[in-house]
Amino acid sequence: MRPTSGDPDRQEVGDQSPSETDGAEQSEGPRPPGDPDYRFTLANERTFLAWFRTSLALIAGGVAVVQLVPEFAFPGARHALGVVLTIGGGVLSVAAIRRWQLVQEAMRREEDLPPTRIPAVLGVALAVVTVFVVVLLVLSLGRA
Amino acid sequence: MTRARRSRPPAERPGLQGERTELAWERSALGLLAAAALLLFRHVGPGVGRVALVAADVGLALLLIGYGRRRGGRIRALRTHPDGRTTVPDARREVLGATAAAVAIALGTTVVIVLRT
């Protein structure tokens, strides 16, 4: 997806740096040229929030594993799982803000959006956790 | 006049964008409340840390709701530039605040889990 400004004649120029330095708080007063259409800004914000909720779900999942799941046959495995999920949530929220920033910058410069590996990494990590949990459950059954 | 009316700049008819964005912030606050509820479910870790974490969760949930309201307000005050673009300030501060909150919650939760029982 390539966001466009309302003015096709506007040239790609290198004078858009002011918009990078003045932050979100100068709400009053028009934005310097270079800001993307408001719908793109808001879509990027909501995408960030979707990742942010994913990271909160990981953190809550970590708490849930410790609070609600009975102990596996291996003492400590449950808490280790909880810690892994919780730290994963923290890492994911940092990845989310980085992604938000890269996308916002790309839109400002009217470039293509940068590629992301976050979904792939998250998918692989969740698959690994799933296999780990299944193995733990099977081994726990064997010991019960 | 109908034509002029139809081509009004988006600033005058932002539609559902603001509502959707505000709701996205509020849904995120619900995630924090879920984490708080789970922490209260059973005793784990030192009581003081747990209660502090729950309080932090609830406080940050309120913060996110405030962020959402603020973003909604921004959206109702859209700017249309002379060249026809309509923009809204990006949510730099809100995004940073939310991320800092999530990292702090993750660290606090990890500590509580590690200092279990």
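**Close-up views of the predicted model**

**View 1. Ile87(A) is partly exposed, with a relative accessibility of 43%.** The structure shown is a predicted model. Because partly exposed covers values between 20% and 50%, the 43% of Ile87(A) falls in that class. Ile87(A) belongs to helix H3 of chain A, which comprises residues 77-108. Gly62(A) is separated from Ile87(A) by 25 residues in sequence, and the C-alpha atoms of these two residues lie 8.6 Å apart.

**View 2. Phe48(A) and Phe52(A) form a stacked pair.** Across all chains, a search of the whole structure yields two aromatic pairs. In the pair formed by Phe48(A) and Phe52(A), the ring centres are 5.8 Å apart and the planes meet at 25 degrees, so the arrangement is classed as stacked. Both residues lie in helix H2 (residues 38-68) of chain A, and because they are four residues apart, about one helical turn separates them. Phe48(A) has a relative accessibility of 2% and is therefore counted as buried. Phe52(A), at 1% relative accessibility, also counts as buried.

**View 3. Trp25(B) and Tyr67(B) form an edge-to-face pair.** The centres of these two rings are 5.7 Å apart, and their planes stand at 75 degrees, so the pair is edge-to-face. The pair connects distant parts of the chain, its members being 42 residues apart. Trp25(B) is located in helix H2 (residues 17-41) of chain B, whereas Tyr67(B) is located in helix H3 (residues 47-76) of chain B. Trp25(B) and Tyr67(B) are both buried.

Notes: Residues numbered from 1 in each chain as written. Chains lettered and ligands numbered in written order. Predicted model: local features only at pLDDT ≥ 70, side-chain atom pairs only at ≥ 80, totals over all residues. Heavy atoms only, no water. Helix = DSSP H or I, 4+ residues; strand = E, 2+ residues; numbered from the N terminus. Buried < 20%, exposed > 50% of the residue type's maximum accessible area, 1.4 Å probe, protein only. Phe/Tyr/Trp six-rings, centres within 6.5 Å; stacked < 30°, edge-to-face > 60°.
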